[in-house]
Amino acid sequence: MSTPHFLLDGLPVPFEEGQTILEAARAAGRYIPHLCWHPEFAPHGSCKLCVVKAAGRYVSSCAMPARAGWEVESDTPALNTRRRTLLQMLFVEGNHFCPACEKSGDCQLQALAYDLEMTTPRFTHFFPDRPVDASHPDVLLDFNRCIYCELCVRASRETDGKAVFALSQRGIHKKLVVNAESGRLADTDFAATDHAAHICPVGVILHKRVGFRTPIGARTYDAAPIRVVAMRTEADDD
Amino acid sequence: MTTTDEHVEAALQRYGHRADVLLQILVELQARVGWLPSALITRVAHALGLPRARVEGVAGFYSFLHLAPVGRYRVLFSDNIVDQMLGSRALMAQLCDTLWLSPGRVSEDGLVSVDTTSCTGMGDQGPAMLVNGQAIARLDPARVNEICELIRAQRPLDAWPAHYFAIDDNIRRRDALLGSAFVPGDALRAAIALGREGWLAQMQASNLRGRGGAGFTTAVKWQACRDAPGAQKVVVCNADEGEPGTFKDRVLLTRCAHQVIEGMTLAAWAVGAQQGLIYLRGEYCYLRASLEAVLAQRRRAGWLGAGIGGVAGFDFDVEIHLGAGAYVCGEESALLESLEGKRGTPRIRPPFPVTHGYLGRPTVVNNVETLAKCCLIAQHGGPAFAATGTAQSAGTKLLSISGDCARPGVYEYPFGVSIRQVLDDCGAREVQAVQVGGASGVTVAPYEFGRKIAFEDVPTAGAFMVFDATRDIFEVARNFVHFFAHESCGFCTPCRVGTALLRNTLDKLAKGNGSAADLTEIEDLDRLLKQTSHCGLGSSAPNPVIDGLQKFRPAYERHLRNRDFVPAFDLDGALARARQMTGRDDPGAHLDNATEAER
Amino acid sequence: MTEPRKIRLATVSLAGCFGCHMSLLDIDDHLFELAGKVAFDRSPLTDIKRCGPCDIGLIEGGVCNAENVHVLRAFRANCHTLVALGACAVNGGLPAQRNHLDLGRCLTAVFQSRPGMDTGAVPDDPELPLPLDQVHPIHEVVHVDYFLPGCPPSGEAIWAFVSDLLAGRTPRVAHPLLHFD
């Protein structure tokens with residue numbers, strides 16, 4: 001019996017039963033953009049950057065199990081326009097001032113915006129007021145850049161066994177909170193060695209005193225675009 | 001004075017030290033303490049063995065739970081468009097003026113806070129409000145003045161005049177369900193006599209489809225749950241009637257509670273469930289006592305508990321969970337999360353609740369009306385039920401009618417009734433539009449009044465809001481878009497940000513600052529929301545705007561400041577031949593090619 | 001054969017640091033090529049004070065005061081193609097970092113609470129443009145045709161972008177030229 005496969009932008013992608021579209025695509029060396037998906041964790045499906053059109057329906061490819069014979073569109077001008085709009089929403093929702101951000105060049109949101117050639121935030125900015133939390137001796141939290149991927153929430157809960165982070169409020173007022181009555185990171189059991197301290201795809205969780213150790217210009221996405229780096233990470237690091 | 005610890009102890013005593021009742025504990029504490037101070041959150045987290053941040057996250061999700069102090073009297077005006085049409089905004093202004101405060105702020109003495117809330121389900125008797133969670137309907141300036149006096153006098157809520165809290169049923173048209181007398185146990189007796197298989201076969205024959213809006217065939221859902229592996233199956237009654245403009249479930253829970261609970265028991269009989277849960281929206285908490293009484297009555301009669309109807313092993317009981325102000329919890333997977341004491345975020349599907357539902361167990365989630373209808377099927381048989389309504393929409397449908405009509409209330413019709421018929425019956429005149437199915441539904445224009453209420457034509461969960469010629473359909477849609485932005489759970493990017501952007505853009509138009517480019521932007525946002533949202537809230541949020549731009553475009557264009565267009569031809573050049581023929585060259589013989597804006 | 005008509009180009013810095021203009025000068029040798037193709041209207045490179053009818057307007061900086069609004073509107077009215085050049089024009093940039101603060105408190109902090117500011121008053125000279133309560137990217141005030149982000153965009157990026165515009169191609173800036181910092 002031959003392995004089942006589906007067509008991704010016209011080319012066959014084999015998959016195993018239970019594999020999602022995104023997972024199968026990656027295994028076959030094909031990149032589908034994503035921000036909240038991470039190989040170590042169950043699909044989350046919140047950022048919607050991985051949206052594809054499968055058998056005529058728009059679905060989150062990170063969460064949708066692959067089906068034999070499906071025709072899946074991903075790298076098309078129409079879908080990339082949708083993705084660009086989603087990025088623009090993330091940019092206007094928070095305060096993303098790249099020139100002052102230590103994560104610049106290593107940031108997945110920024111890298112994806114480069115890759116999808118987002119040149120304008122397009123919408124009217126919300127300019128929310130989100131004070132930073134610098135209380136912890138080793139790590140700074142700059143909530144201005146949070147995209148609510150919940151990777152820190154999941155890493156702290158599932159890998160570190162700590163539950164340092166959670167989300168509160170809802171809608172456009174949704175916010176990241178830490179596990180302390182004071183609301184300060186210093187009053188939690190968070191440590192710079194936690195997995196959660198190394199998983200933020202954007203510039204919320206920043207390690208102090210190392211900000212510009214790697215100079216701008218020599219950073220992750222300076223050398224290669226995210227569609228290349230993202231595929232490499234899985235093969236090399238895991 | 002009761003201390004925080006004593007309150008927490010009392011709440012834990014009532015609900016047990018279980019993480020899955022976290023929301024119920026918080027609702028109880030909110031009622032006891034008036035808000036949820038941070039020390040209390042810490043205390044609850046400790047007692048339940050939960051991370052504090054998780055408890056804070058849950059408390060922060062629900063509109064009726066407050067992490068910051070609110071007034072000892074919390075007054076919330078229902079802000080649905082039909083309440084507004086009945087004058088709710090003016091009454092809120094009156095109350096604020098009288099009590100010297102501004103909406104959204106707590107008075108300096110901490111006595112009172114006033115704000116708006118999403119539709120409280122009293123559209124047939126608005127304007128309505130909630131005071132400390134208790135519903136008051138039929139507000140007018142005189143009653144608002146009385147309420148101001150009661151608040152000033154700090155009169156406890158249970159000493160307020162009882163008639164304030166009386167809620168009318170306003171049943172205007174009865175058919176199969178509302179028109180029949182029901183003897184508790186009759187339907188169950190019939191279903192038990194058929195055996196589990198035979199009963200399910202009757203359900204299949206009935207073609208009953210879910211009344212919550214989606215219209216999924218009930219028997220298919222039941223069968224899937226029955227066939228799912230796992231012993232501890234669950235039946236959930238979705239009584240989170242949050243769709244703006246609907247209130248028929250409120251009436252069913254008031255008048256037909258036995259049928260609803262018997263329907264749950266019938267579902268349990270079919271799927272083999274032992275546990276039943278009613279998720280009652282917080283706005284209807286006043287119904288809790290009467291529902292508990294019905295549950296107790298049914299336990300005494302042997303229609304709930306162990307060995308129901310004398311059948312060994314048919315064990316089923318029902319408990320009530322309260323919501324706390326979150327429309328998204330009407331989505332079945334968000335409802336399950338909420339029942340588990342979590343934030344009401346819709347789950348990734350598949351897997352579906354029928355296999356992985358409440359606490360991961362196979363779960364049937366049915367709407368209040370769907371469950372009540374099951375009794376009719378048990379009593380009169382599936383084929384009899386299927387013979388009514390239309391071929392694809394069997395049975396009757398309860399409509400919640402509000403807005404511009406002489407007789408608002410609940411109407412039961414066989415499926416297939418035309419919108420025009422309904423409008424005639426409720427006494428609507430000079431109708432400009434009807435919003436069928438609530439904010440997420442369809443805006444129906446007069447040329448469509450011949451369309452029928454049915455899954456295959458105009459589907460609806462029950463809301464039917466009438467707008468006469470004096471109303472601005474743009475403002476109706478803007479109200480709905482504000483509602484969706486307020487109720488978005490914020491999980492997925494398109495809904496969290498997109499509903500807020502859509503709201504801001506409609507507000508821009510409302511202020512008279514719109515341009516043609518904004519309409520293009522609105523249509524693009526609509527498409528994105530439809531295509532990429534995680535759940536039905538996001539994908540239906542643009543519906544009123546999509547329909548509005550298609551059917552009532554002038555209502556939008558009226559708000560545009562700039563509607564520039566440049567003709568393809570040279571206007572002055574087009575006069576050249578005539579100038580030549582007349583020999584004229586005076587200023588009146590020329591046209592300026594610049595647009596108004598350029599001049 | 002007649003000389004092709006020179007493209008008329010205007011540039012201005014609103015709430016910006018002139019870094020983008022410095023970067024424009026950073027296109028080195030291409031400056032000669034540019035000078036051959038374009039004639040400069042209002043720009044810090046000329047001494048023209050008011051923007052006349054132009055083909056292209058490059059706007060550096062966001063909109064932080066009333067004067068910025070006047071200048072931006074004049075550019076929009078006169079420039080066929082308007083370009084947001086650099087981070088501040090694109091998203092408000094550094095000046096917009098005050099947006100979560102109350103303007104009154106900013107002014108008090110600067111003019112009344114700082115040692116050495118002994119007049120103790122917020123300047124009220126009508127010559128000074130009043131600041132807006134928030135700093136806006138230019139697309140929140142006028143319609144903008146193209147955007148070139150970067151703080152500043154590199155000379156190379158600016159040249160690639162402007163070359164596209166001059167040649168009538170849709171400007172396209174991708175990795176590695178596209179930068180937000």
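User: What makes 62 Å the separation of domain 2 and domain 5 of chain B?

Analyst: That's the distance between the C-alpha centres of the two domains. Domain 2 of chain B is 73-168 and domain 5 is 568-599, with bounds from an automatic or database domain assignment. The model is predicted, so local features need pLDDT of at least 70 and side-chain atom pairs pLDDT 80 or more, while totals for chains, interfaces and linings use all residues. Residues are numbered from 1 along each chain as its sequence is written, chains are lettered from A in the order in which they are written, and side-chain values use heavy atoms, without hydrogens and water.

User: Why is the pair B:E487 and A:R170 called a salt bridge?

Analyst: A salt bridge needs a side-chain nitrogen of Lys or Arg within 4 Å of a carboxyl oxygen of Asp or Glu. Here the N to O distance is 3.0 Å, so the pair fits the definition. The count between chain B and chain A is five.

User: Which elements of chain B give two or more residues to the side touching chain A?

Analyst: They're α3 (38-48), α4 (52-61), α17 (473-487), α18 (493-510) and α19 (516-532); helices are DSSP runs (H or I, at least four residues), numbered from the N terminus. The largest share, nine residues, comes from α18(B).

User: How many residues does each chain put into the contact?

Analyst: Chain B gives 44 and chain A gives 39, with contact meaning heavy atoms within 4.5 Å.

User: What is the buried area between chain B and chain A?

Analyst: About 3,300 Å², 57% of it on carbon and sulfur atoms. That's accessible area (1.4 Å probe) lost on putting the two parts together, summed over both.
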